[in-house]
Amino acid sequence: MSDPGFGTYVHIPFCAQRCDYCAFVTYTDAEDLERRYVDAVLAEMGRSPVLPASTSAFFGGGTPSHLPVEMLAELVGALHLAPGAEVTVEMNPEDVSASTLAALVSAGVTRVSIGIQSTADHVLASLGRTHRGDAVRTLCETVAAAGLTSWSMDLIAGAVGESDEDLRRSIADVLDHDAAPPHLSAYLLTVERGTPLSRDRARHPDEDVLAGRYEILDAELSERGYGWYEVSNWARPGHACRHNQLYWDGGDYVGFGAAAHSHRDGVRSWNLANLTAYLDAIESGRSPESGSEELTDEQRHLERLSLALRTRRGIERPPGGVPDGLEGLLVEDGGRLVLTLRGRLLADAVLGRLVGSGVGAEVAR
Ligand code: SF4
């Protein structure tokens with residue numbers, strides 16, 4: 001495996017409005033705290049020990065594009081980047097404009113990831129999203145003209161009220177034109193505890209429907225030349241997200257901001273998730289770290305196995321080949337075992353069976 005590099009993650013915990021399915025650490029109606037927050041993150045970056053230059057950086061949230069673009073540019077400018085680093089910013093469709101993108105590109109952003117989720121307005125309403133889906137092509141044309149190295153859109157499949165045809169239509173709306181994104185992330189709707197969606201059982205997705213939607217996604221995307229490289233990610237050749245690949249390869253990264261996680265040399269640590277607590281810690285000169293743990297060898301191996309298994313690269317072939325009970329879920333490919341389409345739908349169960357059959361760390365390389 002090639003060197004995964006070193007990554008920086010910056011968490012931006014602000015959104016215009018909370019989506020019904022979302023359990024991320026984010027705040028609405030908190031614009032008055034944005035300046036303080038950016039200053040706090042800059043202070044946290046300035047206080048951190050000397051770190052390797054980052055081969056990738058990722059601004060996630062929350063909605064990073066909810067920050068005024070000048071503040072985002074300040075944060076990008078404070079990163080310690082290796083030459084040619086990938087710098088991704090997550091954006092909401094409402095925040096995309098030629099001028100915002102131009103400012104991001106001139107600040108050093110190379111990639112954006114836009115949460116479109118669906119192009120059907122009734123599906124967006126069912127997800128508790130407020131943007132409309134009908135302007136996706138214009139949006140794509142604006143992004144494609146911005147001079148980014150790569151970019152991505154996100155879809156969510158499986159909302160109640162979505163039909164197979166709605167999903168096919170969304171895929172076609174996003175991809176069937178000259179300005180299509182070269183990368184697509186597509187997630188099956190999951191019910192997270194504590195969200196409005198979790199309290200509304202009538203809107204919980206059906207497992208069989210979800211499986212069918214995943215099959216549609218994979219078929220439609222493969223047909224258009226987008227290969228899967230992780231269970232929820234498809235890309236045209238050369239457009240895989242380097243930062244996510246670093247996570248899946250078990251690489252090291254540092255996280256800045258509320259709730260941000262870091263991972264270095266087998267030690268995982270995480271910052272205070274509460275926005276005010278994070279601000280108070282930084283502003284009074286204290287560390288914003290909320291906890292840390294040194295992973296045991298067993299934990300590291302299990303984590304590496306579970307991450308590698310979900311990727312197209314897969315895991316090294318164990319001496320006995322596909323373990324009993326996993327026929328049809330794993331396939332041998334170039335001396336490695338890779339999930340089949342059905343296996344991708346049952347990735348957690350496959351992991352459990354691999355661990356149960358004694359397949360260990362040596363296959364996660
Ligand atoms: S925009 Fe993203 S982070 Fe914000 S509430 Fe919606 S899903 Fe959560």
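This passage describes the surroundings of the ligand, some local features of the backbone, and the contact between two domains in a predicted model.

The ligand is surrounded by a set of residues that includes C15, R18, C19 and C22, together with F24 and T26. The residues around the ligand also include G61, G62 and T63, as well as N92 and G115. When this shell is sorted by class, six of its residues are polar and four are nonpolar, while one is charged.

Two of the glycines named above also take part in an unusual feature of the backbone. The peptide bond that leads from G61 to G62 is cis, and its omega angle is near 20 degrees. G62 itself belongs to the loop between strand β2 (54-61) and helix α2 (69-77), and G62 is also among the residues that surround the ligand.

Positive phi angles were examined next, in residues other than glycine. D29 has a positive phi of about 55 degrees, although it is not a glycine, and D29 is found in the loop between β1 (6-12) and α1 (34-47). The surroundings of D29 hold 10 other C-beta atoms within 10 Å, and because a residue counts as exposed when 12 or fewer such atoms are found, D29 is classed as exposed. A second aspartate, D265, has a phi near 50 degrees, which is likewise a positive value in a residue other than glycine. D265 is placed in the loop between the strands β10 (261-264) and β11 (267-271). With 7 C-beta neighbours inside 10 Å, D265 also counts as exposed, since this count falls under the limit of 12 or fewer.

At the level of the whole protein chain, the domain assignment gives domain 1, which covers residues 6-247, and domain 2, which covers residues 297-364. The C-alpha centres of domain 1 and domain 2 lie 28 Å apart. Eight residues from domain 1 and seven residues from domain 2 take part in the contact. On the side of domain 1 that touches domain 2, the elements that give two or more residues are the helix α8 (207-223) and the strand β7 (227-230). Of the elements on this side, α8 gives the most, with four residues. By class, the side of domain 1 that touches domain 2 has five nonpolar residues and three charged residues, whereas no polar residue is present there.

Key:
Residues numbered from 1 in each chain as written. Predicted model: local features only at pLDDT ≥ 70, side-chain atom pairs only at ≥ 80, totals over all residues. Near = placed C-beta within 6 Å. Nonpolar A, V, L, I, M, F, W, Y, C, P; charged D, E, K, R; others polar. Buried ≥ 20, exposed ≤ 12 C-beta atoms within 10 Å, placed from the backbone. Domains from an automatic or database assignment. Contact = placed C-beta atoms within 7 Å.
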